[in-house]
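Hi,

Here is the structure I said I would pass on. Have a look, and then read my notes underneath.

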Amino acid sequence: MPHEKDVVTSIMKNTRIAVLTYVDEQGRLVSMPMATQDFDDPGVVHFITEAVADKMSAIAATPQVNVAYSSDDGWVSLSGTARRNDDRSLLEQLWGPGNAAFMPGGPEDPNSTVLTVTAETASYWESPGKAALVVEMAKGVVGDHQAKPGDSGTVSL
């Protein structure tokens, strides 16, 4: 079985859109989709965003966030802190054609920035694949035992 951190990395890399959850300025939890960017370490992930946005001021006040990833491989829940990252070379490195659809100013626009999440832990639920999951669910429904959909755990990052 692959190392737990490798499982987390695989799930995250196979997820196109992640879900960022933060605390807004009224103390409510707010979730929004964010495009997954390439990363080297699952403990430090980056998202391209607008510098002047409600989420950025809320995160500046309360930096604790969660980022959820879901793919056919399973699910990951990152818990950590976020901060605005004005590293222009990182922004240019991460910038891709899809970003222009949401941020037409390009990486040169002062309103374009990077949101960096430094994760403390990653909880994961590994999927055994669609066919195996259906079989496990059927066993759980008709049998006397609990379905076993795949491995799960929490990794310190």
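What follows is a walk through the fold, the cores, one buried polar residue and the empty spaces.

First, the ground rules. This is a predicted model, in which local features need pLDDT of at least 70 and side-chain atom pairs count only at pLDDT 80 or more, while totals for chains, interfaces and linings use all residues. Numbering starts from 1 along each chain as its sequence is written, and side-chain values use heavy atoms, with hydrogens and water left out.

The overall fold: the protein has 5 helices and 7 strands (DSSP runs numbered from the N terminus, H or I of at least four residues for helices, E of at least two for strands). Along the sequence they come in the order α-β-β-β-α-β-β-α-α-β-α-β. Of the 157 residues, 39% are buried (under 20% relative accessible area, with exposed over 50% and partly exposed in between, using a 1.4 Å probe and protein chains only). If you take the contacts (heavy atoms within 4.5 Å) with a separation of 6 or more, 67% are between residues 24 or more positions apart.

Now the inside. The largest nonpolar core (buried Ala, Val, Leu, Ile, Met, Phe, Trp, Tyr and Cys residues joined through side-chain atoms within 4.5 Å) has 27 residues, and Phe 47, Tyr 69, Val 76 and Leu 78 touch the most other members. At least two residues of this core come from each of α1 (4-13), β1 (17-23), β3 (44-50), α2 (54-61), β4 (64-71), β5 (74-85) and β6 (112-126). β6 gives the most, 5 residues. Apart from this core there is another one, of 7 residues, including Ile 48, Leu 90, Met 103 and Val 114.

Val 76 is a good place to start looking: leaving out residues up to four places away in sequence, Val 76 touches Val 8, Ile 11, Met 12, Val 67, Ala 68, Tyr 69, Ala 122, Ser 123 and Tyr 124. Val 8, Ile 11 and Met 12 also figure among the buried residues of α1, together with Val 7 and Thr 9. The buried residues of α1 pack against β3, β4, β5, β6 and β7 (152-156).

And Asn 85, in strand β5? Asn 85 counts as buried because its relative accessibility is 11%. With residues up to four places away in sequence set aside, Asn 85 touches His 46, Leu 90, Thr 113, Val 114 and Thr 116.

On to the hairpin. β1 and β2 (residues 29-35) pair in the antiparallel sense over 7 bridges (pairing takes at least two DSSP bridges between two strands). Val 19 stands opposite Pro 33 in β2. There are 5 residues between the strands, and Gly 27 takes a positive phi near 85°.

Pro 33 turns up again in the largest pocket (on a 1 Å grid over the protein atoms alone, an open set of points with protein on both sides within 12 Å along at least five of seven lines; lining residues have an atom within 4 Å of a point). Among the 18 lining residues, Pro 33, Met 34, Ala 35, Ile 48 and Phe 102 are the closest to the pocket's centre. β2, β3 and α4 (97-102) each supply at least two residues of that lining.

Finally, the largest cavity (points where a 1.4 Å probe fits but cannot get out) is lined by Thr 36, Gln 37, Asp 38, Phe 39, Val 45, His 46, Phe 47 and Tyr 69. β3 provides the largest share of this lining, 3 residues.

Cheers
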